[in-house]
Amino acid sequence: MTQTYNFNPGPGPIPNEVLAKAQQNMFNFEQTGMAVMELSHRSAAYERVHFHAMNTLRELLDIPDDFSVLFLQGGASLQFSMLAKNFLSDNKAGAYVLSGSWAEKAQKEGAAIGEVYTAAASSNRTYADVPVFDPADLQENTAYVHLTSNNTIYGTQLSDWPACEQPVFVDMSSDILSRPIPWDRVDLAYAGAQKNAGMAGVTIAIIRTSLLDQASGSLPPSLSYKQHADKDSLYNTPPTGAIYITSLVLDWIKEQGGITEMENRAKEKAALIYDVIDRSNGFYSGHADKDSRSWMNITFRLPSEELEKKFLNQASERGFTGLNGHRSVGGCRVSNYNAVPREHVEILRDFMLEFQQNHS
Ligand code: PMP
């Protein structure tokens, strides 16, 4: 088998131990004679998977009892409009901190539902930093503040969580489960599973339960957080197979030492690559300002587009995959999710050093 080093930005790698366990259980999950995804979502065997995943997530992220954990569908993109649909009533507005393209998309989806405004933006700096804002400047009619904790495309990451009086909603698609969440400053955190939490198909949403009753009264039930919370995310058929993979990923994180361990590993792995960039005398130039750097997505350029092409081609021949920057920005990007082994990052670091030596 060809050795592949998977640095895809999402869907990304899933730990080998998880894939092996899923394979081992595929034809006979817990003596049912069936795969998990063949079980009724109302069966006791499936319910054990479902609630095990919810409880393990609670444990790992230290989620307080007054938050509800939801397993939804539609990706983070549906959350962009679902949160607006639930909380943007007639005279209220959603405040958006624009720190990258996904934040822009969140705002655009919100604008299709109600009034939105920009609280802060770093678009004039090609999103090289995470913009800061003063919560005191928020409009009086603000329903919520929307943040993106990690900007997958530009490679920046939020470090100072603002303290706001208004509810704070955070898109954590590309750094959930790699850091603790300060629940005193966050009221809704959501993420598609396909980067750090499993496979595409399930979207995790963790919401302060007291908000559920404040949602708009005229919601289609399938778009109501309260409806899903009241039914323990079994209002309609949940993505059972994807939730199963998430439950295995959560077990894996626990076995590895939990969120602190994930965070330490991610920072150490990212430092290996940032170190190459910083010592390269400008051969590799990082996109993000140093104090806004992400430890999940590392973005950089080479001296010319021609060299970038060569770098990516050679990398691909060596088995590295997913190193091209997002199509909207070009350049290169190393996605360093939880399931990327340190050894793979070391091999990439060595390749980057070698490539620089041969081309400068
Ligand atoms: N937000 C962020 C920060 C993302 O990185 C992505 C996907 N790359 C999305 C939202 C969109 O997620 P989905 O494809 O699950 O809708």
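Here is a chat between a biologist and a modeller about this predicted model.

Biologist: Which domains is the chain divided into, and how far apart do their C-alpha centres lie?

Modeller: The chain splits into domain 1, covering 16–255, and domain 2, covering 258–359. Going from one C-alpha centre to the other, the distance comes to 27 Å.

Biologist: How many residues does the contact take from domain 1 and from domain 2?

Modeller: Domain 1 and domain 2 each put residues into that contact. On the domain 1 side, α2 (44–61), β6 (150–151), β7 (156–157) and α6 (240–256) each supply at least two residues. By class, that side of domain 1 holds nine nonpolar, ten polar and five charged residues. The counts for the contact are 24 residues from domain 1 and 22 from domain 2.

Biologist: α2 and α6 both turn up there, so to speak. Are α2 and α6 parallel or oblique to each other?

Modeller: Their axes are 9 Å apart and the packing angle is about 40°. An angle under 35 degrees would count as roughly parallel. With about 40°, α2 therefore comes out relative to α6 as oblique.

Biologist: What is the hand of the crossing of α2 and α6, and which residues in α2 meet α6?

Modeller: The crossing of α2 and α6 is left-handed. From α6, the partners are T240, I243, Y244, T246, S247, L250, D251, I253 and K254. The contact of α2 with α6 divides into nine nonpolar, six polar and two charged residues. From α2, the residues you asked for are Y46, V49, H50, H52, A53, T56, L57 and L60.

Biologist: Over to the ligand. Which helix gives the most to the shell around the ligand?

Modeller: The residues around the ligand are G10, G75, A76, S77, W102, T148, T152, D171, S173, S174 and G192. Sorted by class, the shell has two nonpolar, eight polar and one charged. One helix, residues 75–87, gives the most to the shell, with three residues, and that helix is α3.

Biologist: Which residue does a cis peptide bond join to G10?

Modeller: G10 is one of the residues around the ligand. Omega for the cis bond is about -5°. The partner's place is in the loop between β1 (5–6) and α1 (16–25). So much for the setting; the residue joined to G10 is P11.

Biologist: Where does Y127 lie, and what is its phi near?

Modeller: Y127 is in the loop between β4 (115–121) and β5 (142–148). Its phi is positive, in a residue other than glycine, and the value is near 55°.

Biologist: How does α3 pack with α4: what is the angle, and is the crossing left-handed or right-handed?

Modeller: The axes of α3 and helix α4 (residues 101–111) are 8 Å apart, at an angle of about 45°. That angle makes α3 oblique to α4. The hand of the crossing, as α3 passes α4, is right-handed.

Biologist: Which residues in α4 meet α3?

Modeller: F80, S81 and A84 are the residues on the α3 side. The contact of α3 with α4 has three nonpolar, two polar and two charged residues. On the α4 side, the names are K105, A106, E109 and G110.

Biologist: Last one, on α7 and α9. How many charged residues does the contact of α7 with α9 have?

Modeller: Helix α7 (residues 258–278) and helix α9 (residues 342–359) have axes that come within 9 Å and cross at roughly 5°, which means α7 is roughly parallel to α9. In α7, R265, K269, L272, I273 and V276 meet R342, V345, E346, R349, M352 and L353 in α9. That contact has six nonpolar residues and no polar ones, and the charged residues number five.

Notes: Residues numbered from 1 in each chain as written. Predicted model: local features only at pLDDT ≥ 70, side-chain atom pairs only at ≥ 80, totals over all residues. Domains from an automatic or database assignment. Contact = placed C-beta atoms within 7 Å. Helix = DSSP H or I, 4+ residues; strand = E, 2+ residues; numbered from the N terminus. Nonpolar A, V, L, I, M, F, W, Y, C, P; charged D, E, K, R; others polar. Near = placed C-beta within 6 Å. Axes fitted to C-alpha atoms, helices over the stretch in contact; angles between N-to-C directions. Parallel < 35°, antiparallel > 145°, perpendicular 65-115°, else oblique. Left-handed = near helix turned anticlockwise from the far one by under 90°.
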